[in-house]
Amino acid sequence: MKKIGVGIIGASIGGWASISHVPALKTLPDYELRAISTSRQESAKIAAKEFDVPAAFDNHADLIADPGVDLVVVAVKVAHHHALVSAALEAGKMVYSEWPLGTDSDQAADLSARAKAAGVRTVIGLQSRFSPVVRHAHDLIADGYVGEVLGTTLVGSGIAWGPETDRAHAYFFDAATGATPLTASAMHALEAMNFALGDFADVSAKLVRGRKEVRLADEGITIPMTVADQVSIIGTLSGGAAVSVFYRGGFSRGDNLRWEINGTEGDLVLTAPGLNGNLQVADLTLKGGRGGDTTVTEITVPDQHFDPAPRTLTGPPQNIAQIYAFLAKDLREGTHTVPGFDHALERHRLVDVIERASRTGSTQTLS
């Protein structure tokens, strides 16, 4: 298979794509980063030189039209996803969109329908299921390490939604933008949990706006905070296990990520150091204990779970590289291991269910 030409919309130096997608792609022989676009030609040229990319644009349409671009990566604010993804689909290009796919489930449904009509491969950036640690935990559970799963608890910190930010990141605190502690941090964690343990059978929730305002440190003013920065979700999984998930805005001086899976025969614990509260980008540690063990000890993740992407990657690029590597394998072999926009729509609908559970105060049953 010839190299897959990639074009990234939103590749400014210091942005998300520059610290995750770019280093991931540089390690994978199946891909070639051929074009980037930003909002200004100057920043596009600087990024292109820094990343050794041949084409730089200040217009997404030019990137999409580039004949060397087979896969368009949309890595900008959620509010712009619908227009940019639609344009790429209309051009018949494969599309990798960061999560959330849209600002709401209506946009996600429209993009899912457009992708089906276009008949192209799509990818949604829910990379936590591709974490080598999460994949190993999934296999251990399937092989009976913990016995019958009784329950699971996950507590994490969204980091971004603390008491202070700057103007460039103020949009995180506006619920209308689609990037909230629920849709971002919590849903990335739920993606890993559902992958390892199965989907929800029912769910209850409380979405609480603890902080009412946030200070913009660079401007010395405060602005209203309209997102719920305290996310509490409980429920049961399709297999009957109990679930408790709590995500806080900002960070804790204690643990910022701890996920336990408890069963009749053993326990698994996934943690991350320091301020790594977002499961999808954290360098996770896996510990376990079973039978007569009185504590948990570290479990080494086999090399097979780092294949086909390099084991040397850590932090944000690691799981992104896994997505790309599995996508290349899918394209070679005609398989579908990498979730696309149809899966993204399912995740958006889960967000709707969680919000409805919080709004109504009643348990919601999922079909």
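**Figure 1. Surroundings of L150 in strand β7 of the predicted model.** Leaving aside neighbours within four places in sequence, L150 is in contact (heavy atoms within 4.5 Å) with A241, A242, N262, G263 and T264. L150 belongs to strand β7, residues 149–157; strands (E, at least two residues) and helices (H or I, at least four residues) are DSSP runs, numbered from the N terminus. With a relative accessible area of 47%, L150 is partly exposed, a class lying between buried (under 20%) and exposed (over 50%), as evaluated with a 1.4 Å probe on protein chains only. The C-alpha atoms of L150 and I261 are separated by 8.0 Å, although their positions lie 111 residues apart along the chain. This is a predicted model, in which local features need pLDDT of at least 70 and side-chain atom pairs count only at pLDDT 80 or more, while totals for chains, interfaces and linings use all residues. Residues are numbered from 1 along each chain as its sequence is written, and side-chain values use heavy atoms, with hydrogens and water left out.

**Figure 2. The largest nonpolar core and the contacts of W259.** A nonpolar core is a set of buried Ala, Val, Leu, Ile, Met, Phe, Trp, Tyr and Cys residues joined through side-chain atoms within 4.5 Å. The largest one comprises 71 residues, and I233, W259 and L268 have the most contacts inside it. Helix α8 (residues 182–197) gives the most to this core, contributing 9 residues. Not counting residues up to four places away in sequence, W259 touches V134, T152, T153, L154, A192, M193, A196, L197, L268, V269, L270 and L279. Apart from this core lies another, of 34 residues, with V6, A47, A48 and L71 among them.

**Figure 3. The open parallel sheet of six strands.** Its 6 strands follow the order β3-β2-β1-β4-β5-β6 with parallel pairing, two strands being paired if DSSP finds at least two bridges between them. At the edges stand β3 (55–57) and β6 (122–125), each of which pairs on one side only. Neighbouring strands are turned by 20° against each other on average, direction ignored. Strands β1 (residues 4–9) and β4 (residues 71–74) run parallel and are joined by 4 bridges; G7 stands opposite V72 in β4. Helix α3 (residues 41–51) lies across β2 (31–37) and β3, running at about 155° to β3. Axes are lines fitted to C-alpha atoms, for helices over the stretch in contact, and angles run from 0 to 180 degrees between N-to-C directions.

**Figure 4. Salt bridges between parts of the chain that are distant in sequence.** A salt bridge is a side-chain nitrogen of Lys or Arg within 4 Å of a carboxyl oxygen of Asp or Glu; by this rule the count comes to 16. R215 pairs in this way with E164, their closest N and O atoms being 3.1 Å apart. R215 lies in strand β10 (residues 213–216) and E164 in strand β8 (residues 164–165), 51 residues apart. R215 is partly exposed at 35% relative accessible area, as is E164 at 47%. E219 forms a salt bridge with R167, with closest N and O atoms 3.0 Å apart. Because E219 lies in the loop between β10 and β11 (221–224) and R167 in the loop between β8 and α8, this pair ties together parts 52 residues apart in sequence.

**Figure 5. The R258–E260 salt bridge and a salt-bridge network.** The side chains of R258 and E260 meet at 2.8 Å, N to O. R258 is partly exposed at 34% relative accessibility, and E260 is partly exposed at 22%. Salt bridges that share partners join K2, E32, R34 and D70 into one network.
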